[in-house]
Amino acid sequence: MNFDTIKLTEDEFQLTTYKKMSIAVERGLGSWIWTSEGDKYLDLYGGHAVCGTGHSHPHVVSAIKDQAEKVLFYSNLVYSDIRGRVAEKLVSVAPEGLSKAFFCNSGTEANENAMRIARMATGREKIVSFSGGFHGRTADAISATFLGNYRQIGKPNVPGHVEVEFGNIESVLTIADSNTAAIIIEPIQSMAGVREASPDFFVTLRELCDERGIALIFDEVQTGVGRTGNWFFAGSELAGSVVPDIVTLAKSLGSGVPVGACLVSESASSYIKQNDLGTTFGGGMLAMAAVLATLEAIEDDDMVANAGAIEEHLREQIAGIPGVVAVHGKGCLLGIEFEQNCSDVHANLLSKKVITGTSSNPKVLRLLPPLCVKREEIDILIEGLTAI
Ligand SMILES: Cc1ncc(COP(=O)(O)O)c(C=O)c1O
């Protein structure tokens, strides 16, 4: 079917909530997608940060097919071999201390559950979060999202959410008090324009949380699962080795099969009783097969190391390109900052069949490529930028 017909049907029968590129995707492989018109695009936006293992990684595809033929789904009313193996594998690659997993379906849901766990563990209600962080669109998560007009969209907001300044520990010290259940932080603020804080900031946050009995939550929906050149931001050098009480995951966790998770410390999880948390689809077999194969593919293809090497390569190659003032971020979560608004650069690259992302900072172009992206593919971006 041609693009115009596909577009007409979607536009007629779907709510018009998304701003879309004028392409229809038919298939994908690695860092590439093919459209209804037979055009091939380099996807440096990774299907919206989801395709960490690349599009349709053969190992993930075959695991999903095999699982589908055995059993698609049964809920947490029963035990499942694959669910147990995924939880064990996730805990084994997570920093020490995060010893229990809870499975759900999306990033926003992982954050809702993380905040609930924190409230249950502390008996408190207040949640502190950072200007510029994005945590999702359900009630509690959007109330913790002090970015653009998200809180306005989410009215009425859940009470007890308070904003502090990202990277400014003084601001946190005055607001996060003994009534605070959790501090939730997106460790690299992707949508805000790939903003970073120093490792010292995370170390002081951890100390503050320990002193005041506050749960620390890292929203690793984007930074997790290898993206920064570390399995997780938590516990890495980027965080000054800090391990939070809860890490939330989604996006690339299932290579495109919807799945989210909370990784929880032994201590925080000890407050959770039967029926405190739950969701029908959480931990379903098809999603679990996708997660296990995703983690295996990342390991087998050495993608965590590749993400770090790709950052290095991009930083080297981009030096000297006119108009570029800085590169922010880590691994395969990068923000290229331009002197001026970069919406033309984004459009120009798209016309050259290179997909990149924008951000809420009009000067920052975002890259969220698959963790298996190759140096030669980054060079195509560099050529594109040079020719603009
Ligand atoms: C850091 C972060 N947290 C949470 C979310 C919400 O995830 P989801 O769209 O799966 O609900 C997103 C989505 O963009 C995100 O980037």
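This report walks through the overall build, the aromatic contacts and one pocket of a predicted model.

## Overall build

Let's start with the big picture. The protein runs to 388 residues, and its radius of gyration is 21 Å. A compact globule with that many residues would come out near 21 Å, so the value agrees with that expectation. If you want a box for the C-alpha atoms, roughly 55 × 50 × 40 Å along the principal axes does the job.

On the secondary structure side, you get 14 helices and 16 strands. As for burial, 54% of the 388 residues count as buried.

## Aromatic pairs

Searching the whole structure for aromatic pairs turns up nine of them. Take Phe201 and Phe202: their ring centres are 5.8 Å apart and their planes meet at 75°, so this pair is edge-to-face. The cut-off for that label is an angle over 60 degrees.

Both partners are tucked away from solvent probes. Phe201 has a relative accessible area of 4%, which makes this residue buried, and Phe202 is buried too, at 0%. The threshold here is under 20%.

These two phenylalanines also belong to a wider group. Ring pairs tie Phe201 and Phe202 into a cluster with Phe130, Phe166, Phe218 and Phe233.

## Charges over rings

Two tryptophans have a charged side chain for company. Over the ring of Trp34 sits the charged end of Arg27, 4.2 Å from the ring centre. Trp32 has Lys40 in that role, with the charged end 4.4 Å from the centre of the ring.

## The second largest pocket

Now for some open space. The second largest pocket holds about 850 Å³, and 26 residues line it. Which of them are closest to its centre? Those are Asn76, Ala101, Phe102, Gln274 and Leu277.

Which element gives the most to this lining? That is β4, with four residues. The strand covers 98–104, and α4, covering 81–93, is another element that supplies at least two lining residues.

The chemistry of the wall is mixed: eleven lining residues are nonpolar, eleven are polar and four are charged. For anyone setting up a probe calculation on this second largest pocket, Phe102 and Leu277 are among the residues closest to the centre, and so are Asn76 and Gln274.

How values were computed:
Residues are numbered from 1 along each chain as its sequence is written. This is a predicted model: local features need pLDDT of at least 70, side-chain atom pairs count only at pLDDT 80 or more; totals for chains, interfaces and linings use all residues. Side-chain values use heavy atoms; hydrogens and water are left out. Rings of Phe, Tyr and Trp (its six-membered ring) pair if their centres lie within 6.5 Å; planes under 30 degrees apart count as stacked, over 60 as edge-to-face and the rest as tilted. Buried means under 20% relative accessible area, exposed over 50%, partly exposed in between (1.4 Å probe, protein chains only). A charge sits over a ring if NZ of Lys or CZ of Arg is within 6 Å of the ring centre and within 35 degrees of the ring normal. On a 1 Å grid over the protein atoms alone, a cavity is a set of points where a 1.4 Å probe fits but cannot get out, and a pocket is an open set with protein on both sides within 12 Å along at least five of seven lines; lining residues have an atom within 4 Å of a point. Grid points are joined across faces, edges and corners, and a volume is the space filled by probe spheres set on the points. Ala, Val, Leu, Ile, Met, Phe, Trp, Tyr, Cys and Pro count as nonpolar, Asp, Glu, Lys and Arg as charged, and the others, Gly among them, as polar. The radius of gyration is taken over C-alpha atoms; the globule rule is 2.2 Å times the number of residues to the power 0.38.
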